[in-house]
Every structure is written in structure tokens, then in C-alpha cells.
Amino acid sequence: YNDTDLGTGTGTNNARFSRGIAVVGNSYGASLNFSISPNFQIGGWFGYTFARAIQTGDANIMNFAVTLAFPNLGGDGNLGGLIFGMQPTMVDADSTIGRDDPDPSFHLEGFYRFALTDNIDITPGVIWLFNPNGDSSNDDVVIGTIRTTFRF
């Protein structure tokens with residue numbers, strides 16, 4: 001329960017359910033990861049939220065991803081990865097809530113975590129968003145990322 005929205009901060013504008021009214025959200029998810037070999041893993045997740053805007057209506061929000069990981073790619077402690085999925089997207093909403101997202105918004109990401117030391121990693125990556133905000137009339141977005149991780 002949240003008194004203003006679902007409180008996730010992720011997904012399409014519709015899926016964030018930011019309408020300034022009290023919302024009850026029941027979210028369910030499952031994830032799997034299989035190590036095919038010491039140097040290859042496949043995995044993914046699926047999530048579904050049943051949301052009710054108090055005295056307004058109901059909506060369903062879905063997300064998923066498929067992941068490929070390549071541990072120790074190019075050296076011990078390094079990791080290459082690919083992720084393809086759909087960000088939280090409104091898939092079924094009562095007309096009193098608003099509208100479903102007209103198109104799924106997909107996410108494709110590639111990254112490479114380079115282990116500088118046992119305690120410091122640098123991870124450059126690229127994210128490509130298809131149909132941003134669940135609308136195919138929006139131009140695709142490509143985002144470059146770099147993350148530094150310090151472990152103490």
C-alpha cells in the first residue's frame with residue numbers, strides 16, 4: 001500500500017501508476033539462472049503486479065528479461081553480459097485508471113565488468129531502449145553507462 005502511487009520509480013509512465021491516489025499493489029516475480037558451463041550462464045525473470053487504485057479501478061503491470069552472462073571473460077573476475085527484456089508496462093487497465101501502453105517498451109543492454117583489483121570493478125555498458133515509454137512513435141534511445149564498484 002502506498003498513499004500516492006506504486007512507489008517503484010521504474011517502468012512506463014502508465015506503469016508507475018503515479019496518479020496521486022492511494023494504491024494497493026500485489027507484485028509477484030520469479031527468476032531463474034542456469035550455469036551451463038563455468039564460462040556461460042543463462043537466466044531471466046518475470047514479474048507481474050496487480051494494482052488497485054482505491055475507489056478508482058484496477059490495472060495489471062508486467063515485466064520480464066532474459067540474461068546471458070559470460071563469467072571470467074578475458075580474465076578472472078571479469079564478466080560480460082547481455083540483457084533483453086521489457087520494463088514494467090501497463091498491460092490491462094480499467095478505463096477509470098487510464099489506458100494500456102500502446103506498445104511494449106523493450107530494453108537491450110550489453111556490459112563488461114572489468115576487475116581492476118579484488119575490490120574495484122569498472123563496468124562500461126550500452127543500453128538501447130525500443131519504444132520508450134511504451135509508444136512506438138517515440139524515437140529509440142541509446143544510453144552509454146559506466147559504473148565503478150568498490151568493495152570494502
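What percentage of the 152 residues in the protein chain is buried? In this predicted model, buried residues make up 32% of the chain. I shall begin with the overall architecture, then turn to the surface, the salt bridges and finally one glutamine.

The protein chain contains one helix and seven strands. Followed along the sequence, the helix comes at the start of the pattern, which reads α-β-β-β-β-β-β-β. The C-alpha trace spans about 55 × 35 × 30 Å along its principal axes. As for contacts, consider those between residues at least 6 apart in sequence: 46% of them join residues at least 24 apart.

Let me move to the surface. The chain exposes about 8,900 Å², and carbon and sulfur atoms supply 58% of that area. On the charged side, there are 7 positive and 15 negative charges, and the mean positions of these two sets are 5 Å apart.

Which residues form a nonpolar patch on the surface? They are Leu-32, Phe-34, Ile-36, Ile-42 and Val-66, and together they have about 470 Å² of accessible area. Strand β1, residues 23–37, gives the most to this patch, with three residues. Val-66, by contrast, is found in strand β3, which covers residues 57–71. Val-66 counts as partly exposed because its relative accessibility is 42%, and the range for that class runs from 20% to 50%.

I come now to the charged pairs. Side chains of opposite charge can pair when their charged atoms come close. How many salt bridges does the structure hold? The structure holds three.

One of them joins Asp-58 to Arg-52, with the closest N and O atoms 2.6 Å apart. Asp-58 has a relative accessibility of 27% and is therefore partly exposed. Arg-52 is likewise partly exposed, since its relative accessible area is 47%.

Asp-121 takes part in a salt bridge with Arg-113, where the closest N and O atoms are 3.8 Å apart. Is Asp-121 buried or exposed? Asp-121 counts as buried because its relative accessibility is 3%, well within the cut-off of under 20%. Its partner Arg-113 is partly exposed, with a relative accessible area of 28%.

Asp-121 also meets the side chain of Arg-151 in a salt bridge, at 2.7 Å from N to O. Arg-151 lies in the segment after β7 (141–150), whereas Asp-121 lies in strand β6 (residues 120–130), so this pair ties together parts that are 30 residues apart in sequence. Through shared partners, salt bridges join Arg-113, Asp-121 and Arg-151 into one network. Within that network, Arg-151 is partly exposed, given a relative accessibility of 37%.

Finally, I turn to Gln-87, which is placed in strand β4, residues 79–93. With a relative accessibility of 21%, Gln-87 counts as partly exposed, because buried would require a value under 20%. What is Gln-87 in contact with, leaving aside its neighbours within four places in sequence? Its contacts are Gly-11, Thr-12, Met-62, Asn-63, Ser-105 and Asn-133. Gln-55 offers a further reference point: Gln-87 and Gln-55 are 32 residues apart along the chain, and their C-alpha atoms are separated by 27 Å.

To close, I would recall two points. The nonpolar patch draws three of its residues from strand β1. The salt-bridge network brings together Arg-113, Asp-121 and Arg-151, with Asp-121 counted as buried at 3% relative accessibility.

Methods:
Residues numbered from 1 in each chain as written. Predicted model: local features only at pLDDT ≥ 70, side-chain atom pairs only at ≥ 80, totals over all residues. Heavy atoms only, no water. Helix = DSSP H or I, 4+ residues; strand = E, 2+ residues; numbered from the N terminus. Buried < 20%, exposed > 50% of the residue type's maximum accessible area, 1.4 Å probe, protein only. Contact = heavy atoms within 4.5 Å. Areas by Shrake-Rupley, 256 points an atom, 1.4 Å probe, with all protein chains shown as cover. Lys, Arg positive; Asp, Glu negative; His and termini not counted. Charge placed at Lys NZ, Arg CZ, Asp CG, Glu CD. Patch = residues over 30% accessible without salt bridge, like charges linked within 9 Å, V, L, I, M, F, W, Y side chains within 5 Å. Salt bridge = Lys/Arg side-chain N within 4 Å of Asp/Glu carboxyl O.
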